[in-house]
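Student: Could you help me see how the labels on a protein model are earned? I would like to check each one against its rule.

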Amino acid sequence: MRQKGISAEDQHFRTALENLRVKACTNEDRALFRSRVVTRDGVLSRPELADVSVITALNAHRDAINDIGVQAFARRYHRKLHTFYSIDRWTSDRGTKSTRKTQLESDGSLNPVRVNNAMCMEFQRKLWDLHPCLTDHVPGVLRMCRGMPVLLKNNEATELCATNGAEGIVYDWHSHATPDGFEVLDTLFVKLVNPPREVQVDGLPTNVIPITRTKTRVKCGLPDFEKPLVVNRDQVMVLPNFAMTDFASQGKSRWMNLCHLKYCTTSQSLYTCLSRSTSFQRTYILEGFDDAKTMGGLSQGLRREFQELEIMDYITRHSHGNTLPATISRAYRGKAIRGFLEWKGNHYVPQGVHPALSWADEGLFLTDTRSKADTRSMPSLGNPRGTASYVRKKNDRSTINNVSNSRKKRTLDVKPSGTMKRRKRSCRRLTQGFIWDRINYSCAYDSLFTVVIHLHLTSPAHHMERVRDDLRDYLYGVCPVRFPRHGAVLAAVSDVLEALFTPMQYYGLSMTSCTSCHAPDTASVSRQYRSPIFYITRGVLEVAHSQFQTQQTFVEDMMQYTFNHAVPGACTSCGSHLHSNIKIMNTLPFIFLEIHLMRDDLPRMIARGSISFTVRTEIVTWYLRGVIYLGGEHFTSHYIDDDGVSWYHDGMITGRTCIREDHYTNLNLWTSRGRTATHLIYWSGQ
């Protein structure tokens with residue numbers, strides 16, 4: 001916290017902020033906050049608040065306040081306002097090396113037919129009229145005068161303390177006029193306000209730095225168009241600093257803190273705004289706040305995150321004081337917390353932990369608290385050297401087999417001995433893939449089709465590449481942008497998956513209901529699910545790791561969280577929490593997991609051999625049968641046979657041949673020959 005006051009009110013303010021951080025404010029805390037509420041007229045009547053930047057929750061409100069503040073500042077100090085325009089051109093470069101992102105951006109944005117990339121004046125004026133919140137926070141028009149406060153919006157030079165979010169005032173500028181008579185900034189000289197250290201640039205006063213015009217790829221949202229326009233904008237990356245968002249205010253200490261809290265959506269947003277203050281008496285709240293955002297407790301996942309941070313803080317203090325046992329690892333967070341629990345026990349709470357975060361009663365556990373007898377282990381694609389964890393209990397196996405008798409028999413099953421039985425085939429196993437088209441790049445199709453054909457064929461099909469090319473021609477006719485047919489241009493595997501494997505009818509339906517009385521939430525809209533692609537993002541990874549503490553079932557736990565998880569809001573009948581549940585109505589032949597993670601996050605996950613869900617009244621299992629990789633703008637794949645053996649294929653290097661490697665449990669499936677996994681392919685055998 002940044003509070004420096006020593007009065008009784010300041011001490012109460014610190015306590016109230018601590019309670020707000022964990023969403024456990026008392027009536028006295030809320031009364032204290034309300035005592036600092038001022039009206040709009042009250043702000044205008046206070047000279048000390050004239051140039052104070054307002055912290056608000058919405059970017060649109062930030063832009064509106066800035067527009068008013070610029071005009072008021074010029075009138076108050078009798079300064080002449082100067083207007084500087086950006087230079088915009090249509091973009092022609094991809095802007096990213098990710099094929100998937102490029103295809104999505106091309107399909108989701110306007111790219112009009114044109115002779116060159118010059119912007120016509122009609123469009124240029126429309127773009128200039130947009131507020132920065134609609135142009136990725138890069139202003140089309142900057143109105144400023146000398147002495148006006150500004151906020152840097154780009155990491156210009158960290159060695160000069162010119163970082164995103166740094167505050168300053170306009171010192172001077174260099175500009176020129178275009179042939180059309182519009183003034184354009186070349187260099188803006190900004191004097192930094194309270195930088196971490198003094199900055200001295202040759203030929204300039206202390207703390208004055210130059211900021212040059214920067215070309216940026218900007219997505220512009222025009223109200224007259226359904227899709228945004230992507231342009232290259234040349235502009236100095238600053239905004240007027242009469243308002244900032246709660247996100248931009250993080251890390252700042254404010255002598256005068258004026259907050260607009262009406263549209264803050266969470267207790268963390270309220271806490272961020274109010275905790276910037278250095279004094280209670282210099283804190284002002286504009287137009288009040290929502291009391292419901294200050295009480296009720298944190299969500300389960302966020303509360304667990306705060307608890308683990310308290311433990312890490314305790315471990316760090318003891319490590320610094322050389323009083324930490326040698327048995328506690330400091331290399332990884334999970335190992336450190338596990339060592340702490342073994343050292344202190346599951347119910348020990350360090351001194352100073354907020355009562356709302358205390359786990360003294362319920363205890364803190366890293367793994368599932370169910371007994372081993374209640375824990376089911378899903379079957380894998382093979383018998384990894386007789387490991388007992390891959391053997392299903394006899395009772396569970398009998399239940400599954402009884403349920404599955406009424407439908408097509410699965411490809412794989414588990415015997416009591418733990419060995420896998422395989423569907424009998426009359427022909428030898430297929431070990432061939434597709435040959436890469438070096439003229440019209442086909443690796444996105446080769447990597448996917450090589451996996452799929454091994455699930456259905458036992459001998460090479462005639463003219464495999466001709467069938468592939470016929471399908472490419474068809475998709476090209478459907479959408480030439482998403483499925484390029486000619487030249488050295490990649491298609492995105494995800495687009496091919498959606499086009500070929502999305503069923504005609506939806507397979508799942510989401511329903512929101514109360515966790516206590518099970519009453520349906522009438523305000524929620526049911527959603528139909530048709531896409532077989534599920535996404536593993538960093539956000540999903542963090543939520544899943546905070547709620548499911550074992551890597552062995554992470555993929556299945558992540559899917560379970562996707563199908564059944566808590567949602568914001570409260571039941572209108574009893575006031576309890578709401579949760580969303582997706583009911584699977586029909587079995588999908590395939591489930592595809594698309595991975596959007598950095599390479600460093602991949603070792604935190606385990607590629608599980610199977611995942612199971614209830615479809616109506618039956619339990620259906622999908623088995624891992626393939627992995628697709630991307631690197632150097634080229635797709636490759638592994639397919640996994642009935643025995644769990646992984647086969648590598650790269651149509652550019654290996655041609656039609658597939659190379660036998662090892663059992664998939666003995667391999668690092670997240671990377672292969674310098675490429676990173678992008679998709680996991682699970683098959684139900686139907």
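Tutor: Gladly! Let's begin with one rule: a residue is called buried if its relative accessible area is under 20%. Keep in mind that this is a predicted model. By that rule F501 is buried, and F592 is buried too.

Student: What makes F182 buried?

Tutor: Its relative accessible area is 14%, and the limit is under 20%, so F182 counts as buried.

Student: Why is the pair of Y85 and F182 called edge-to-face?

Tutor: Two steps here. The ring centres are 5.0 Å apart, and a pair needs centres within 6.5 Å. The planes stand at 70 degrees, and over 60 counts as edge-to-face. Both tests are met, so the label is edge-to-face. This pair also links distant parts of the chain: Y85 is in strand β3, F182 is in the loop between β7 and β8, and 97 residues separate them.

Student: Why is the pair of F501 and F592 called tilted?

Tutor: Their centres lie 5.2 Å apart with 55 degrees between the planes. Stacked needs under 30 degrees and edge-to-face needs over 60, so the angle falls in the remaining class, tilted. F501 belongs to helix α13 and F592 to strand β23, so the pair ties together parts 91 residues apart in sequence.

Student: How many aromatic pairs does the structure hold?

Tutor: There are 22 aromatic pairs. One aromatic cluster is formed by F13, F33, F280 and F289.

Student: How do you know that the charged end of R21 sits over the ring of F306?

Tutor: It is 4.4 Å from the ring centre, and the distance limit is within 6 Å, together with an angle within 35 degrees of the ring normal. R36 lies over the face of Y284 as well, at 5.1 Å from the ring centre.

Student: What makes D29 a residue with no salt bridge?

Tutor: The nearest side chain of opposite charge is R30, 6.8 Å away, while a salt bridge needs the nitrogen and oxygen within 4 Å. D29 is nevertheless buried. It lies in helix α2 and, leaving aside neighbours within four places in sequence, is in contact with H12, A16 and N19.

Student: How many disulfides are there, and why are C145 and C161 called buried?

Tutor: The count is zero disulfides, where the rule asks for sulfur atoms within 2.5 Å. C145 has a relative accessible area of 1% and C161 has 11%. The limit is under 20%, so C145 is buried, and so is C161.

Conventions
Residues are numbered from 1 along each chain as its sequence is written. This is a predicted model: local features need pLDDT of at least 70, side-chain atom pairs count only at pLDDT 80 or more; totals for chains, interfaces and linings use all residues. Side-chain values use heavy atoms; hydrogens and water are left out. Rings of Phe, Tyr and Trp (its six-membered ring) pair if their centres lie within 6.5 Å; planes under 30 degrees apart count as stacked, over 60 as edge-to-face and the rest as tilted. Helices (H or I, at least four residues) and strands (E, at least two) are DSSP runs, numbered from the N terminus. Buried means under 20% relative accessible area, exposed over 50%, partly exposed in between (1.4 Å probe, protein chains only). Lys and Arg count as positive and Asp and Glu as negative; His and the chain ends are not counted. Contact means heavy atoms within 4.5 Å.
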